[in-house]
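Reader: I'd like to look closely at how a few helices lean on one another here, with a glance at anything odd close at hand in the chain. Please walk me through it slowly, as you would at the bench.

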Amino acid sequence: MKIKANNTNDPIWQDVYSHAQLPKQLEPLNEMATNLWWVWNHEGAKLFRKLDEALWTSTEGNPVLLLQRLTYKRIEEIAADKEIIEEMERVYADFKAYMRVKPSATKPSVAYFSMEYGLTNVLKIYSGGLGVLAGDYLKEASDSNIDMCAVGFLYRYGYFTQSLSMDGQQIANYEAQKFNSLPLSLVTTTNGDPVLLEVPYPGRIVYAHIWKVSVGRVPLYLMDTDIPENSEWDRSITHQLYGGDWENRMKQEYLLGIGGILMLDKLGIKKQIYHCNEGHAALINVQRLVNYIQNEGLSFNEALEVVRSSALYTVHTPVPAGHDYFDEGLFGRYMGEFPAKLGISWQEFIDMGRENPGSNEKFSMSVFALNTCQEANGVSWLHGKVSQKMFAPVWKGYFPDELHVSWVTNGVHMPTWASTEMKKFYAEKFDKKFFTDQSNKKYWEAIYNVPDEDIWELRKALKKKLIEYVKNQYRGNWLKSQGDPSKVVSILEKINTNALLIGFGRRFATYKRAHLLFTDLDRLAKIVNNEKYPIQFIFTGKAHPADGGGQGLIKHIVEISRRPEFLGKIIFLENYDMRLARRLIAGVDVWLNTPTRPLEASGTSGEKAEMNGVLNFSVLDGWWYEGYKEGAGWALTDKRTYDNQQYQDQLDAATIYHTLENELIPTYYAKNEKGYSPEWIGYIKNSIAQIAPDYTMKRMLDDYIERFYHKLATRTKHLRENNFEKAKEIAVWKEEVAQHWDCFEVESFTCTPDIFVEGPVVGTEYLFKLVIDRKELKGMLGVDMIESRVNPENQQQEFIKSLSFKLIKEEGSKLYFELKAKPAESGDLKIGFRVYPYNKELPHRMDFAYIRWIQL
């Protein structure tokens with residue numbers, strides 16, 4: 001028998017990951033790497049970069065991965081490097097001193113819920129502005145010593161990485177995150193096993209691991225269902241941010257709400273305030289209700305008083321279509337067991353998510369949030385007004401202007417978004433207390449004492465830094481997507497550090513109107529090809545994979561940028577993330593924003609630019625509606641000339657061209673013998689002194705504390721005292737009023753002189769008298785006189801003012817009211833009188849929005 005020359009089976013490989021182990025001397029590096037404090041403290045990031053600059057770049061600034069990839073030789077070199085060790089000890093001492101500060105006892109504790117968090121480009125659990133805002137919020141809560149924890153998801157794939165095809169088409173790439181190489185830690189039991197969260201879904205249990213991200217002093221807990229204990233169907237719940245169909249969205253929002261509260265219960269965490277960042281988190285209040293009913297023995301109505309008194313809902317969406325609505329069948333499949341737990345009917349439960357109870361409307365997460373949160377707010381003054389109109393149908397009988405829905409204008413975390421150079425500049429030029437008291441305008445006004453040359457040199461350095469980053473980072477990408485290497489060389493050569501540089505970076509939703517600049521290409525070509533006054537535009541942004549319009553817009557801009565007359569003058573940078581954003585908002589001269597008004601709820605990219613001395617040119621919408629100051633930036637009017645959006649776009653585009661040609665470009669190039677424009681520097685100084693201090697995250701968090709957190713904490717404490725005595729009392733009163741609301745009668749109503757015979761005369765005093773017999777209804781009533789008028793432009797009835805009747809006396813079941821009033825408005829008016837239940841324990845009218853209009 002001939003012996004075979006070889007006999008082998010197929011190779012069998014096991015995946016292992018070889019990583020570095022630091023000696024005890026370098027252990028502080030591990031501790032600091034897993035706390036995101038280094039993200040906004042540049043000395044921390046600088047230390048990690050110094051360990052291995054090439055590795056820092058290749059790991060995209062991920063210190064955990066950097067430490068894992070250090071070679072044994074490099075570790076030995078670091079341990080022997082006295083300079084690095086001294087720097088590590090100094091940075092570590094600052095870190096430990098920061099971490100030792102205890103939460104403020106004078107500020108309420110908060111549990112914060114959000115679908116996404118933009119903390120660093122390393123941790124891909126965000127898609128855009130909503131997430132970055134949430135991330136900034138946690139950072140400032142840490143800096144401001146707030147006792148806060150946050151809840152979200154650890155997405156396996158997160159949001160997509162963007163690349164471009166040869167023809168400019170967006171390609172969405174979903175790349176799996178390796179959790180063990182990220183700045184987070186798995187929450188484990190005392191014996192080292194992962195804590196396993198059990199979340200009851202219909203007919204099964206969904207399991208989740210819990211990961212902790214340390215955001216300075218604030219813990220962020222992330223749920224992860226991509227574990228072996230789950231079926232493939234459920235492992236995918238935390239795969240993608242905003243991915244999948246409506247059922248997957250239902251599963252995610254169920255996990256965030258129901259699972260989020262169960263997770264805090266499992267971890268033993270209790271807070272005073274529960275804050276929903278968007279309607280995605282509204283179901284937290286379902287599980288909170290269940291907890292109070294099952295654990296405290298409260299009735300549904302009693303539990304609702306307690307839950308409402310400690311809950312805040314922040315809305316970021318300016319149009320009803322942007323909110324989450326679920327079909328009753330789908331919603332019932334997941335939530336069908338909860339009415340029995342709450343002690344109410346299915347109809348009563350689903351009606352809590354409908355503007356019109358008893359209808360067949362879909363279940364609205366936003367309406368449910370409004371019905372289970374005492375307070376609600378928009379994210380700018382203008383968005384607050386838009387939200388009042390949007391939510392007015394929930395509280396019929398009240399005009400939008402009367403609603404409790406308020407506002408807090410968004411801000412940005414200055415230590416994160418001000419460049420390292422800018423922070424050093426502030427530290428050198430401003431008061432030592434500046435960084436801990438960023439809302440103090442007098443500190444910012446010190447910019448007026450800074451020599452113009454210093455500001456100009458700083459701005460030049462930041463622009464040069466951006467351009468070098470673009471050239472280094474995108475050269476390879478452009479070679480792949482452009483096809484013609486000579487074009488890439490031409491682009492690189494034409495990027496001019498001396499040109500006026502204008503940036504546009506945001507999500508490519510159609511309402512953002514990224515196309516506006518390209519309305520008149522001939523006029524634009526003349527602007528960008530003026531050799532005497534060079535100007536260049538950088539565009540960047542992602543479109544949702546399901547948004548064909550947004551993707552088409554990207555393709556259109558890329559195609560224009562490749563035309564000979566625009567090559568190197570219009571540049572599109574792919575894969576807009578936090579890393580690129582930080583470079584861009586610091587390095588351009590002007591930040592351009594052109595949304596369709598009033599669809600920009602707030603917008604924060606322009607605020608980030610403000611922190612770096614970059615000037616804004618934007619539509620008066622969102623934050624810029626409040627922030628714009630003449631001589632500190634430029635604005636497109638908030639007034640609409642045409643109902644036809646196409647005509648309005650053409651007018652706005654013409655206004656942009658005119659402003660560029662006659663204001664921005666001449667101002668920038670009005671240079672003196674020292675090479676800069678004193679007027680341009682004056683704009684920068686005004687922008688920093690008059691605008692920037694109002695748009696820090698410090699100011700925003702202070703507003704939330706002052707307007708909502710203290711108010712909620714005080715009331716919920718009051719309702720919980722003496723075994724929920726006050727909550728029970730209010731619930732009984734509401735039940736009684738609801739039962740007998742139709743019983744009371746208007747016994748008499750008079751007006752002297754008779755306003756309804758001769759009509760109201762401006763300046764004449766009228767005395768209204770009203771007697772109401774409550775009959776079986778117990779408790780107090782109130783009465784308003786409402787003045788309104790019909791707007792001739794849109795035929796909508798608009799609120800003018802409300803005047804409250806004074807209770808003169810109470811005799812048995814009868815209430816005697818009077819009102820003295822002098823009409824101040826002339827013209828066609830509408831006057832109405834409405835009765836409402838009065839209880840001084842209510843936070844506002846919308847808390848119990850019963851109304852009966854009086855028929856005279």
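Author: What follows starts with one helix and its two partners, then turns to another helix pair, an unusual peptide bond and a cavity. A word on the ground rules: this is a predicted model, where local features need pLDDT of at least 70 and side-chain atom pairs count only at pLDDT 80 or more, while totals for chains, interfaces and linings use all residues. Residues are numbered from 1 along each chain as its sequence is written, and side-chain values use heavy atoms, with hydrogens and water left out.

Let's begin with helix α12, residues 300-309 (helices are DSSP runs of H or I with at least four residues, strands are runs of E with at least two, and both are numbered from the N terminus). Helix α12 packs against α30 at an angle of about 145°, their axes 8 Å apart; axes are lines fitted to C-alpha atoms, for helices over the stretch in contact, and angles run from 0 to 180 degrees between N-to-C directions. The crossing of these two is right-handed, meaning that the near helix is turned clockwise from the far one by less than a right angle. On the α12 side, N301, E302, E305, V306, R308 and S309 take part, and they meet α30 residues including L712, R715, F724 and E735 (contact means heavy atoms within 4.5 Å). This contact is made up of seven nonpolar, three polar and eight charged residues; Ala, Val, Leu, Ile, Met, Phe, Trp, Tyr, Cys and Pro count as nonpolar, Asp, Glu, Lys and Arg as charged, and the others, Gly among them, as polar.

Helix α30 spans residues 697-740 and holds N722, a residue with a positive phi of about 55° although it is not a glycine.

Back on α12, there is also helix α16 (residues 365-372), whose axis comes within 8 Å of that of α12 and crosses it at roughly 100°. The two are therefore roughly perpendicular (65 to 115 degrees; under 35 is roughly parallel, over 145 roughly antiparallel, the rest oblique). L304, V307 and R308 of α12 touch L370, N371 and T372 of α16, giving three nonpolar, two polar and one charged residues.

Now the other pair: α23 (521-528) and α28 (645-668) pack at about 15°, with axes 11 Å apart. They are therefore roughly parallel, and their crossing is left-handed. R523, L524 and I527 of α23 meet A654, Y657, H658, L660, E661 and I665 of α28, a set of six nonpolar, one polar and two charged residues.

Further along, T752 and P753 are joined by a cis peptide bond, with omega about -15°. P753 sits in the loop between β21 (745-752) and α31 (755-758).

Finally, the second largest cavity holds about 60 Å³ of space. Its lining includes I755, P760, Y766, F768 and E787, and by class has nine nonpolar, no polar and two charged residues. A cavity is a set of points on a 1 Å grid over the protein atoms alone where a 1.4 Å probe fits but cannot get out, and its lining residues have an atom within 4 Å of a point; grid points are joined across faces, edges and corners, and the volume is the space filled by probe spheres set on them.

Definitions and conventions. On a 1 Å grid over the protein atoms alone, a cavity is a set of points where a 1.4 Å probe fits but cannot get out, and a pocket is an open set with protein on both sides within 12 Å along at least five of seven lines; lining residues have an atom within 4 Å of a point.
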